[in-house]
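Here are a few exercises to work through with the model open beside you. Try each task before you read its solution.

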Amino acid sequence: MTASSAAPRARIHAGAHRGHPLWIVWLVHRLSGLALALFLPVHFLVLGLALNDPAALDGALRWMDNPWVKAAETGLVLLLGLHLFGGLRLLALEFLPWSPRQKTFAAAAVALACAISAGFLLSAV
Amino acid sequence: MTDDIDTLAVEVWRGDARGGGYVAYAVPRRESQTVLDVVTWIQHNAEPALAYRFACRVGMCGSCAMTVNGAPRWTCRTHVRRVAKAGRLRIAPLRNLLVIRDLAADMAPFFDKWTEAGGTFAPTATRDEPAAEIPPETPERAAADAGIECINCAVCYAACDTVAMAPDYLGPAALNRAWTLLNDARDGGQAGRLKAVSGDNGCANCHSHQSCADLCPNGLNPTAAIAGLKRRAGRAWLRGGA
Amino acid sequence: MTDIRLYMLQRISAMILAPLIVGHIVTMIVAVQDGLSAAEILGRTQGSLWWGLFYGLFVAAVSVHAAIGLRTVAFEWLKLKGRALDMLGWIVFAGLLALGGRAVAAVVL
């Protein structure tokens, strides 16, 4: 079965089954999860500075006042919101009785994530 | 658009498991023409050696599925009008399966996975006993009903990106079949079936892309069936521990 | 690939994380308003049993969740298999648990 990844397959299919809204929210969930998982160690290391080097932590926090860093933080909150609400959508899809309104739920998840990151940006500036 | 032209520009993938490429054909446009009509015209008039599958031509047998302009379709009931783009058609064998020749994909892994997923009915009574009464209003019967009209065309399997990424994954059709049987009060093989769909290649791999539900020609929803399996298998895991 | 055990651990950790993330986001929005400083953060968290439990549980759940998620991505996108795949999952889990545990200790103790 692994052989089904043989050469001819890759070249003959354009992949028009992709790109519908529910496929896109899968990709968003995966990429946001990936980005958050890679960010976590950095986050933990910065907080860990409080243990031995509080001055360095203050330095890092001052660096975060930079508007570009604030924008990046807002991006992280957006990713967290997308992964949170997208994940709640998946939990509902899998554990609650099936609803035909999957695209509505996906849109609502994206809207909530945008609202939360906008809220963060407004209080951060 | 496609309705007021008299010739279709059709590209058909020709080759075998070692490789191949698209060959262009000009096919006369007809009224109410299906994609299968186009392929048949090519075989009758331009390329007698063209390999493809079909049997019933009325959406019953599930043997004529191909990739049409990038998406899997049952070709006998897919009208050219609906899928041609500016009079152009690109036809290829089904994705996620090996090619045997031209438009004929090797369906063996697809059907093997049906068996692997516990897709065989395990009877608990003989023909000498009275037929089981299954009230149509029970939730189990309703759940089975929702998935039972599968014609094994493999459109969902070809549309599934989880199968593309994890080639041993059982896939939407086999798991949908397992779900219908799991809701069949007459079946005696539930423990083995639940184990089969709970394993490494089972329902837990599904990412709910819902391309299967999007493209199923019979309007079935394998994603919903797999969600049902996840609930049953998950509950069994919670009760039985690891 | 993912069996039902990994799937359920992924979903259970997600259910634990969901309310914790809401709490974390609210805290962030409130805390960021007057600018962040080490003194401000530590003033809130140091010696607090509740923040210790909150973020301790957060770290434990996120370590499980991210380890299973990255394992799936490594299988599907990087074609990692077998023991290497399971090792990756365990390394991510242990690494996040250690770093996260240290971070919680740093701000709570």
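The exercises below go from model confidence to the two interfaces made by chain B.

This is a predicted model, in which local features need pLDDT of at least 70, side-chain atom pairs count only at pLDDT 80 or more, and totals for chains, interfaces and linings use all residues. Residues are numbered from 1 along each chain as its sequence is written, chains are lettered from A and ligands numbered from 1 in the order in which they are written, and side-chain values use heavy atoms, with hydrogens and water left out.

**Exercise 1. Confidence in chain A**

Work out which elements of chain A have the lowest and the highest mean pLDDT.

*Solution.* Start with the whole complex: the predictor gives an ipTM of 0.93 and a pTM of 0.92. Now take chain A, where pLDDT (the predictor's confidence in each residue, from 0 to 100) averages 86, with 89% of the residues at 70 or above. Next, go element by element, with helices and strands taken as DSSP runs (H or I, at least four residues, for helices; E, at least two, for strands) numbered from the N terminus. The lowest mean, 42, belongs to α1(A), and the highest, 94, to α4(A). Then check residues 1-12 of chain A: their pLDDT is below 50, yet this stretch has 26 contacts in the model beyond near neighbours in sequence. A contact here means heavy atoms within 4.5 Å. Go easy on such spots, because predicted coordinates should not be read in detail where pLDDT is low.

**Exercise 2. The helix α4(A)**

Compare the span of α4(A) with the expected one, and find what sits at its start.

*Solution.* First, count: α4(A) has 29 residues. The expected span is 1.5 Å times one less than the number of residues, which comes to 42 Å for this helix. From first C-alpha to last, α4(A) reaches 41 Å, close to that value. At the start of the helix, a side-chain oxygen of A:N66 comes to within 2.8 Å of the backbone nitrogen of A:W68.

**Exercise 3. Chain A against chain B**

Describe this interface by its residues, its area and its salt bridges.

*Solution.* Begin with who takes part: 28 residues from chain A and 41 residues from chain B. For the area, use the accessible area (1.4 Å probe) that two parts lose on being put together, summed over both. That gives about 2,800 Å² buried between chain A and chain B, 59% of it on carbon and sulfur atoms. Now look for salt bridges (a side-chain nitrogen of Lys or Arg within 4 Å of a carboxyl oxygen of Asp or Glu): there are two between these chains. One of them is the pair B:D161 and A:R18, at 2.8 Å from N to O. Last, sort the chain A side by element: α1 (7-12), α2 (21-52) and α4 (67-95) each give two or more residues, and α4(A) gives the most, with five.

**Exercise 4. Chain C and its contact with chain B**

How many helices and strands does chain C have, and which residues supply 43% of the area it buries against chain B?

*Solution.* Chain C has four helices and zero strands, and its C-alpha trace spans about 45 × 25 × 20 Å along the principal axes. The mean pLDDT is 93, with 100% of its residues at 70 or more. At the interface, 14 residues of chain C touch 20 residues of chain B. The two chains bury about 1,400 Å² between them, 66% of it on carbon and sulfur atoms. C:M1, C:I4 and C:E76 supply the 43%, more than any other three residues. The salt-bridge count for chain C and chain B is zero. Two elements of chain C give two or more residues to this side, α1 (4-31) and α3 (49-78), and α1(C) has the largest share, six residues.

Technical notes. A polar contact is a pair of N or O atoms within 3.5 Å; within protein, one must be able to donate a hydrogen and the other to accept it, and residues adjacent in sequence count only if both atoms are side-chain atoms.
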